[in-house]
Amino acid sequence: MNYTADKPTETRTEDELAASITRASKKEVVLDVKDLSIFYGNNEAVKRANMGIEKNAVTALIGPSGCGKSTFIRSINRMNDLIPSSRAEGEIIYDGINILRNDINVVALRSEIGMVFQKPNPFPKSIYNNITHALKYNGQKNKKVLDEIVEESLRKAALWDEVKDRLHQSALSLSGGQQQRLCIARTLAMEPQILLLDEPASALDPVSNSKIEELILQLKEDYSIVIVTHNMSQASRVSDKTAFFLNGDVVEYDDTKKIFTNPSETKTEEYISGRFG
Amino acid sequence: MVAREQFSADLEAIQKSIISFAYEVDTALKQAIDALYERDSDLAYKVIENDELLNERDQEINEATIQLIAMQQPVATDLRRLVAFLRVSSDLERMGDHAKNIAKSVNRLNVLSPYDIPQAIRDMQEVVSKMIHSAVQAFEEEDITKAKKLADLDNVVDSMYGELFRDMLDERKAQSGKHQQTMQLVFVGRFVERVGDHITNIGESILYLVKGTAVDLNK
């Protein structure tokens, strides 16, 4: 027996393919990615990706470094616009609109589709002001409304009980895990529909990590979540759907339980089993 | 390409212990049936005593497998392979119990007046032994065609048992005044027949390992 990799590659029958498509399409799709290609100069970082991202579900993007998953997630709220050489083709349909269109107001888009990054990046301000900063910038001056939003966002991010007595202390006094939950609260304050999490727990200790995972499971009741993670166990614990990226291709996109028990593609199997990458 | 060499070596080591476990069970069954035909109580006691070792073997395989699951957090085929290890080992352990049960019947028979033991019981044990060898091959090579064929041999064992059962109850063939012996021999036949079912379960575990789906071969 060869344990290293060589599961015989079986061609999927039409029935199996149809079953896979049915599984993938039974829930409401919040983001419909169609033939999405993203280029950095001449380098095609994402190659004609197609993916229906489900509403109120957690979608995990996995794959080795440089596979295109971060490029993919960053394209969903147009973060790649900040890279001059980048260019996107195809469509990402959100609420009936292709958000890759040139006339999209990206600031408004980013309040609908919020993003949290690998390293917690709170503003060097108080906990309270971290959350109200963008709201104030958008013209919300009512103290009572702001107070309510601060509490609600912090509660949703499972941070309220830990910080309610020190809202006016610097956010930088919080632990790494708390800072990350603050960043999530800050995003939630904008009332987004979709949360993009780019390795949100990879810089955290195990306890903070599991708090973030618990939080993700709670948040999916109200939000649709896309998460990039290098932690396979995390992907299997928190997500409903998993997409495996390799060299810019979406190799496999299916229910997480299918991907982690019986993936259809040999490459997926090799990657999740830790045999390359 | 990271091959996870240590993990692969650990998997292979467990696989090897399961294979030798299977051969030990095969030997126990053969000895139990030998003891039956030869009215050899010493051999029967040896089979009963050795069952402890078979139970320990199952324990060791369980521990090693669970340790790998905990430490290596396997997924997909690796995970299914380890689950199959647990199932196969547990079936082998139950097969060992049936060898012990046969040996106990032998001891009960040996204090009664002698009885002509039908050839059918030896024949059944030989088919079952053949099944064990095919199951080992199927397990080692992860060969689903061989695994499925185990069900055919199991059907043979089942019908041999049915025939034995009918013969033993047939008054024209029954040996008069030997009801206890008749009962014990029907039990022995039943134990061998059950062993066939466990080997078929092993076939199912191999199918699960390779295909990732549950299949019932015991129909």
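Two residues are in contact if their C-beta atoms, placed from the backbone, lie within 7 Å. I keep this cut-off at the head of the notebook for the helix entries below.

**Entry: confidence**

I note that this is a predicted model. I looked up the overall scores and found ipTM 0.72 and pTM 0.80. For chain A, I read a mean pLDDT of 90, with 91% of the residues at 70 or more. In residues 1-9 of chain A the pLDDT falls below 50, and I found 15 contacts for this stretch beyond near neighbours in sequence. For chain B, I read an average pLDDT of 94, and 97% of the residues score at least 70. Within chain B, helix H4 (residues 119-141) has the highest confidence, at 98, while helix H5 (residues 144-169) has the lowest, at a mean of 95.

**Entry: H4 and H7 of chain A**

I turned to H4(A) and helix H7 (residues 176-188) of chain A, whose axes come within 8 Å and cross at roughly 30°. That angle makes H4(A) roughly parallel to H7(A). I noted the crossing of H4(A) past H7(A) as right-handed. Which residues of H4(A) meet H7(A)? I listed Ile127(A), Asn130(A) and Ile131(A) on the H4(A) side, meeting Leu182(A), Ala185(A) and Arg186(A) on the H7(A) side. Sorted by class, the residues of this contact are four nonpolar, one polar and one charged.

**Entry: H4 and H5 of chain A**

I then looked up how helix H4 (residues 127-137) of chain A packs with helix H5 (residues 143-156) of chain A: the angle is about 120° and the axes are 10 Å apart. H4(A) is therefore oblique to H5(A). I recorded a right-handed crossing for H4(A) and H5(A) too. From H4(A), the residues I listed are Tyr128(A), Ile131(A), Thr132(A) and Leu135(A); from H5(A), they meet Leu146(A), Ile149(A), Val150(A) and Ser153(A). I counted six nonpolar, two polar and no charged residues in the contact of H4(A) with H5(A). Ile131(A) appears in my list for H7(A) and in my list for H5(A).

**Entry: the sheet of four strands**

I followed an open sheet of four strands in chain A, in the order E2-E1-E4-E5, and found the pairing antiparallel. Its edge strands are E2 (43-54) and E5 (97-98) of chain A, each of which pairs on one side only. I found two bridges between strand E4 (residues 86-94) of chain A and E5(A), and these strands run antiparallel. Where does Ile93(A) find its bridge partner in E5(A)? I found that partner to be Asn98(A).

**Entry: the sheet of six strands**

I next followed an open sheet of six strands in chain A, ordered E6-E7-E8-E3-E9-E10, with mixed pairing. Strand E6 (113-116) and E10 of chain A stand at the edges with a single partner strand each, so one side of each has no neighbour in the sheet. I read an average twist of 15° from one strand to the next. Helix H2 (residues 69-76) of chain A packs on this sheet; among the strands I saw it touch are E3 (58-62), E7 (194-198) and E8 (224-228) of chain A. The direction of H2(A) makes about 150° with that of E8(A).

**Entry: the hairpin of E9 and E10**

I counted six bridges joining strand E9 (residues 241-246) of chain A to strand E10 (residues 249-255) of chain A, and the two run antiparallel. Leu246(A) has Asp249(A) as its bridge partner in E10(A). The hairpin has two residues between the strands, and I noted that Asn247(A) takes a positive phi near 50°.

Conventions
Residues are numbered from 1 along each chain as its sequence is written. Chains are lettered from A and ligands numbered from 1 in the order in which they are written. This is a predicted model: local features need pLDDT of at least 70, side-chain atom pairs count only at pLDDT 80 or more; totals for chains, interfaces and linings use all residues. Axes are lines fitted to C-alpha atoms, for helices over the stretch in contact, and angles run from 0 to 180 degrees between N-to-C directions. Angles under 35 degrees count as roughly parallel, over 145 as roughly antiparallel, 65 to 115 as roughly perpendicular and the rest as oblique. A crossing is left-handed if the near helix is turned anticlockwise from the far one by less than a right angle, and right-handed if clockwise. Ala, Val, Leu, Ile, Met, Phe, Trp, Tyr, Cys and Pro count as nonpolar, Asp, Glu, Lys and Arg as charged, and the others, Gly among them, as polar. pLDDT is the predictor's confidence in each residue, from 0 to 100. Two strands pair if DSSP finds at least two bridges between them.
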